[in-house]
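I opened the file to look up one strand, its neighbours and the pockets. My entries follow.

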Amino acid sequence: MCTLEKRGNLFILTLTGEDRHRFNPDLISSLLKLLSQVKAQATCGSALITQAQGKFFSYGFDLDWAQAAGSEQGAVKRLQHMADLFKPVIATLLSLPMPTIAAITGHAVAAGFTLALSHDYLIMRKDRGILWMPEVDIALTFPDYINALFKEMIGDASVRRDLLLRGLKMKGDEAEKRGVVKAAYDGEAEVREASVCLAENLGKRKWHGEVYAEIRKGLYPQLSAILGLSHKVYAIARL
């Protein structure tokens with residue numbers, strides 16, 4: 001499902017296997033458990049990379065699991081349950097005391113795109129993979145925290161419109177040009193290498209983790225409020 005590796009100060013969280021990495025209660029629980037471990041083991045200079053094996057970063061919530069409820073009402077209830085379970089994952093990422101990087105080497109769709117966007121930096125490949133929010137095409141609305149996430153993480157209203165109201169499938173070149181990802185590279189190996197290089201360089205800054213997390217939460221006040229994250233003020237002189 002997912003694994004956590006520690007290389008020095010770097011944490012590497014990997015969605016394992018060759019499937020679509022759809023988020024069901026089991027996978028969400030596993031993600032949250034590993035992110036909690038990252039938070040507990042954080043030290044000055046830590047950084048997190050989230051990546052996935054195979055052709056998909058993640059294809060979002062497990063709609064097959066939702067529909068297995070056997071009725072439309074049951075499917076809606078299961079979908080809402082997954083959205084509720086997923087909310088603490090986003091809250092944990094937003095409050096991690098370290099820089100975070102999403103290494104997107106495959107398709108990041110719906111909640112999979114949401115997971116990636118919850119990181120400080122997104123790095124994507126040019127030759128394969130899309131960012132896609134298909135909810136408008138499949139008649140689903142967004143939870144409040146996902147609306148807030150896109151509003152505050154993507155400042156350009158025209159980009160948000162194209163992603164959320166058009167269901168645009170955005171490839172790496174366009175995502176880089178329009179500021180959704182930090183950079184796009186030609187292949188999987190290049191994405192992973194660039195992600196590790198960025199994480200190592202950020203880690204060398206030896207920022208105070210709690211201060212870093214509080215600054216991040218302050219950058220996204222609406223999202224933080226919806227996620228129930230309090231904002232503290234630190235005064236730590238490191239001159």
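I fixed the cut-off before looking: a residue counts as buried when its relative accessible area is under 20%. The model is a predicted one, which I kept in mind throughout.

**Entry: strand β2.** I checked residues 10-15 and found six of six buried. I then split the strand by side. L10, I12 and T14 are buried on one side, and F11, L13 and L15 are buried on the other. Both faces of β2 are therefore covered by the under 20% cut-off.

**Entry: partners of β2.** I looked up strand β1, residues 2-7, and found that β1 pairs with β2 in the antiparallel sense over six bridges. L4 has L13 as its bridge partner. The two strands form a hairpin with two residues between them. In that turn, G8 has a positive phi of about 65°.

Next I took strand β3, residues 47-52. β3 runs parallel to β2, and six bridges join them. F11 is bridged to L48. I also traced helix α1, residues 25-41: with β2 and β3, α1 makes a right-handed β-α-β unit.

**Entry: largest pocket.** I read off a volume of about 460 Å³. I found 22 lining residues, with F61, L79, E135, L140 and T141 nearest the centre. Helices α3 (72-95) and α5 (135-138) are the elements that give two or more residues to the lining. α3 gives the most, with four. By class I noted 17 nonpolar, three polar and two charged residues.

**Entry: second largest pocket.** I noted about 170 Å³ here. Its lining includes H119, D120, K182 and Y220. The classes are eight nonpolar, two polar and two charged.

Key. Residues are numbered from 1 along each chain as its sequence is written. This is a predicted model: local features need pLDDT of at least 70, side-chain atom pairs count only at pLDDT 80 or more; totals for chains, interfaces and linings use all residues. Side-chain values use heavy atoms; hydrogens and water are left out. Buried means under 20% relative accessible area, exposed over 50%, partly exposed in between (1.4 Å probe, protein chains only). Two strands pair if DSSP finds at least two bridges between them. A crossover is right-handed if, with the strands pointing away from the viewer, the path from the first strand over the helix to the second runs clockwise. On a 1 Å grid over the protein atoms alone, a cavity is a set of points where a 1.4 Å probe fits but cannot get out, and a pocket is an open set with protein on both sides within 12 Å along at least five of seven lines; lining residues have an atom within 4 Å of a point. Grid points are joined across faces, edges and corners, and a volume is the space filled by probe spheres set on the points. Ala, Val, Leu, Ile, Met, Phe, Trp, Tyr, Cys and Pro count as nonpolar, Asp, Glu, Lys and Arg as charged, and the others, Gly among them, as polar.
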